[in-house]
Amino acid sequence: MATDAKRPKIDDEKCVLDPLKNFLLWCDSVKLTLSDKVYLSKEGTAADYGMLAKEDIEEGHVLFSIPREVLLHQGTTKVKKVLEEGKESLESASGWVPLLLGLLYEYSCPQSHWKPYLSLWPDFRTLDQPMFWSEEERDKLLKGTGIPEAVKTDLKKLQDEYNNIVLPFMKSHPDLWDPEKHTLELYKSLVAFVMAYSFQEPAEDEDEDEDEEEEKEPNPPMMVPMADMLNHVSKHNANLEYTPECLKMVSVQHIEKGAEVFNTYGQMANWQLLHMYGFAEPFPTNSNDTADIQMSSVYKAAVQVAQSEADQRLLVDKWNMLCEMEIVGDKGVFIFGQSGSLTYSELYTTLKVLCMPVQDFKEFRENEGWEEDEEDEDDKMEQALSFDGLMGLSAEWKCLLHAAAALTLDSYSEDVEMDRKRPEDQGALAELGSRERRALHVRYGQKSILQRLQQLTKPTS
């Protein structure tokens, strides 16, 4: 630990609200140490709370350290014994139910050990993921981004989880939970809270002698006081490290005095950031941004160029074969990043099969696919479908990619040209509401990638 790491101090009294004061006092009592070189603030930060550098910070500096017993999860909550006893009945697809039941209890308990921490979110109104937007608003602002569909799935699963797992469990423990108080609405807010603020500790590497095919269960999410105060950017300057005794936030580069300290939530596209965390990075700052093309759009593009009934029938056979091989699926997507295709193996195979001459496809089907690819085949596919390599593709392949990108761009409700102009006009951007602005960042990032794909696959004649 850094030698100047001391107990948390309140830096600027006039800028600090009471909940933050109380939180820092609590941090002091639980031995959560904060470096003298940083402070928490609501001013001068990217969003809501944030951490700022009080002076220049060198790389490798421990910004704060959190004892493991301070973390809030199903193993530290006061109701941990009850959750452990009911473990089997609390299993769910999300794996979040035990933590959420713990949060339901702790959040509404005046004597909770974590009350000063949880009081930073007195009513969760600062949470504004698209799950809190109206359906009309999602469809208007986010159509084509993939978020409305993801939210619809989330809300259905959330409601089913509450009604079928959480509610029966609460009713069987009326001394700890009250459905009148621990409502579906509060549960929804806590799901959003976990989405936006929880951390998931990376699973330890398997021992070499263990069966490699047996996938290890991911660690359940946990709430990490102080760490969740830091905002995210793709080009972050701090990173959370896990040790057996504590969790430490460490600077990964020099941070100048007055600059914000940013953590990373992982390599996340803007649509994922908005969907899960409620914010998006302005274009072009998110180097991890992506755009999806529905696999079915590539098939539709192929249908558009099929010239005869025989071609159409052959195309159906090709697509069915790709489905049987599990290369494509009705709801699957091909993902493009800033440098080209990220799902290049699936896309390369799909384009190759859809553009195969009749005799080649006949042999392909009789052999039930190809033999094992050569070791350098993966590199070849990645290079061919990178933005640097697209010009070298056959005209037929480029035609399908060009048409599929056009179909995808047509799926957005907002005009491409209008979305391009708005970010360049600071006045117009400032007039947009918060949700409109965040939605614009998502749409514009995706459309920029799709337009680049279109330009690189544009027919030469």
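**Figure 1. An overview of the protein chain.** Of the 461 residues in the protein chain, 48% count as buried. Please keep in mind that this is a predicted model. The chain holds 17 helices and 14 strands, and its C-alpha trace spans about 75 × 55 × 50 Å along the principal axes. The accessible surface of the chain comes to about 24100 Å², and carbon and sulfur atoms account for 47% of that surface. Among contacts between residues at least 6 apart in sequence, 72% join residues at least 24 apart. As for charge, the chain has 48 positive and 87 negative charges, and the mean positions of the two groups are 8 Å apart.

**Figure 2. Strand E5 and the strands paired with it.** Here we zoom in on strand E5, which covers residues 62-67. Six of its six residues are buried, so E5 is largely enclosed by the rest of the structure. Two bridges join E5 to strand E2 (residues 33-35), and these strands run antiparallel. To find this pairing on your screen, look for Leu34, whose bridge partner in E5 is Phe64. E5 is also joined to strand E10 (residues 246-251), this time by five bridges, and again the pair runs antiparallel. A handy landmark for this second pairing is Pro67, which stands opposite Cys246 in E10.

**Figure 3. Strand E13, with E12 and E14 as its partners.** This view follows strand E13, made of residues 333-337. Four bridges join E13 to strand E12 (residues 291-294), and the two run antiparallel. Within this pairing, Ala291 has Phe336 of E13 as its bridge partner. E13 is joined to strand E14 (residues 340-341) by two bridges, also in an antiparallel arrangement. E13 and E14 form a hairpin, with two residues between the strands. Gly337 stands opposite Gly340 in E14, so you can use these two glycines to locate the hairpin.

**Figure 4. Val316 in helix H10.** Helix H10 runs through residues 309-324, and Val316 lies in it. Is Val316 buried, partly exposed or exposed? With a relative accessibility of 36%, Val316 counts as partly exposed. If you would like a second reference point, try Val303: the two valines are 13 residues apart in sequence, and their C-alpha atoms are 9.1 Å apart in space.

**Figure 5. Tyr162 and Tyr187, an aromatic pair between two helices.** The count of aromatic pairs comes to 19. In one of them, Tyr162 and Tyr187 form a tilted pair, 5.4 Å centre to centre with 50 degrees between the planes. Tyr162 belongs to helix H6 (residues 147-171) and Tyr187 to helix H7 (residues 184-197), so the pair ties together parts that are 25 residues apart in sequence. Both Tyr162 and Tyr187 are buried.

**Figure 6. Phe193 and Tyr197, an aromatic pair within helix H7.** Phe193 and Tyr197 form a tilted aromatic pair, 5.5 Å centre to centre and with 45 degrees between the planes. Both residues lie in helix H7, four residues apart, which is about one turn of the helix. Phe193 is buried, with a relative accessible area of 0%, and Tyr197 counts as buried at 16% relative accessibility. Which aromatic cluster do Phe193 and Tyr197 belong to? They form one cluster with Phe23, Trp26, Tyr107, Tyr117, Trp121 and Phe124.

Key. Residues are numbered from 1 along each chain as its sequence is written. This is a predicted model: local features need pLDDT of at least 70, side-chain atom pairs count only at pLDDT 80 or more; totals for chains, interfaces and linings use all residues. Side-chain values use heavy atoms; hydrogens and water are left out. Buried means under 20% relative accessible area, exposed over 50%, partly exposed in between (1.4 Å probe, protein chains only). Two strands pair if DSSP finds at least two bridges between them. Contact means heavy atoms within 4.5 Å. Accessible areas come from the Shrake-Rupley method with a 1.4 Å probe; for residues, only the protein chains shown count as cover. Lys and Arg count as positive and Asp and Glu as negative; His and the chain ends are not counted. The place of a charge is taken as NZ of Lys, CZ of Arg, CG of Asp or CD of Glu. Rings of Phe, Tyr and Trp (its six-membered ring) pair if their centres lie within 6.5 Å; planes under 30 degrees apart count as stacked, over 60 as edge-to-face and the rest as tilted.
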